[in-house]
Amino acid sequence: MAKDPTDYSTRDFIPAELNVTRGQVLVDRQRHIAIVAKKGRTCAHLVQVKSGTLKLAKYTPRELTDQWTDADYPFERAVNKLLELGKQHGITDKARIALEELVKAGREPKQHKLFS
């Protein structure tokens with residue numbers, strides 16, 4: 001039986017894996033987009049809108065799988081939308097640098113499936 005995505009009272013016994021790649025586009029339950037800016041062994045950093053400002057936020061594998069899912073959203077469009085939101089509402093230096101590095105890479109990353 002699949003886990004109810006709205007049930008926060010239980011935890012799965014299978015440990016979450018960090019199955020994302022740099023540049024991958026994700027979406028949360030409110031349909032907000034984010035882009036994976038950095039991926040380490042134990043956490044991922046997402047560029048996302050938080051408190052009205054574009055920020056770089058750190059997520060553990062468990063937090064990532066609990067709050068985010070794969071987005072059917074093109075990479076170029078997501079980067080442009082986030083840059084536009086940053087101009088309108090503000091952007092932190094870390095988030096700006098992360099987005100500039102993604103733009104500089106100039107190619108869409110291979111999209112992994114967060115839930116395989």
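The paragraphs below walk through the sheet, the helices packed on it and the salt bridges of this predicted model.

A few conventions come first. Residues are numbered from 1 along each chain as its sequence is written, and side-chain values use heavy atoms, with hydrogens and water left out. Because the model is predicted, local features need pLDDT of at least 70 and side-chain atom pairs count only at pLDDT 80 or more, while totals for chains, interfaces and linings use all residues. Helices (H or I, at least four residues) and strands (E, at least two) are DSSP runs, numbered from the N terminus.

A good place to begin is the sheet. It is open and built from 5 strands in the order β4-β3-β2-β1-β5, with antiparallel pairing; two strands pair if DSSP finds at least two bridges between them. At the edges stand β4 (53–59) and β5 (68–70), each with a single partner strand, so one side of each has no neighbour in the sheet. From one strand to the next, the twist averages 40°. Angles run from 0 to 180 degrees between N-to-C directions, and axes are lines fitted to C-alpha atoms, for helices over the stretch in contact. Within the sheet, β1 (residues 25–28) and β2 (residues 33–39) form an antiparallel pair over 3 bridges. In this pairing, L26 stands opposite A34 in β2.

The helices come next. Helix α2 (residues 75–89) lies across β1, β2, β3 (44–50) and β4, and runs at about 100° to β2. Helix α3 (residues 93–105) also packs on the sheet, where it touches β2, β3 and β4; contact means heavy atoms within 4.5 Å. The direction of α3 makes about 85° with that of β4.

Helix α3 deserves a longer look. Its 13 residues reach 18 Å from the first C-alpha to the last, close to the 18 Å expected at 1.5 Å a residue; the expected span is 1.5 Å times one less than the number of residues. Which residues of α3 are buried? They are A95, A98, L99 and L102, where buried means under 20% relative accessible area, exposed over 50%, and partly exposed in between (1.4 Å probe, protein chains only). These buried residues cover an arc of only 95° around the axis, which puts them on the same side of α3; the arc is that of the directions from the helix axis to the C-beta atoms. They pack against β2, β3, β4 and α2. The face turned away from this buried side carries the exposed residues D93 and K104.

How many salt bridges does the structure hold? There are 3, each defined as a side-chain nitrogen of Lys or Arg within 4 Å of a carboxyl oxygen of Asp or Glu. One joins the side chains of R22 and E101 (3.8 Å, N to O). This pair links distant parts of the chain, with R22 in the segment before β1 and E101 in helix α3, 79 residues apart. R22 is partly exposed at a relative accessible area of 36%, and E101 is partly exposed at 38%.

Another salt bridge connects D93 and R96 (3.5 Å, N to O). These two residues are 3 apart in helix α3, so about one helical turn separates them. E100 also forms a salt bridge with R96, with the closest N and O atoms 3.4 Å apart. Together, D93, R96 and E100 are linked in a network of salt bridges. In this network, D93 is exposed, with a relative accessible area of 53%, whereas R96 is partly exposed at 32% and E100 partly exposed at 39%.
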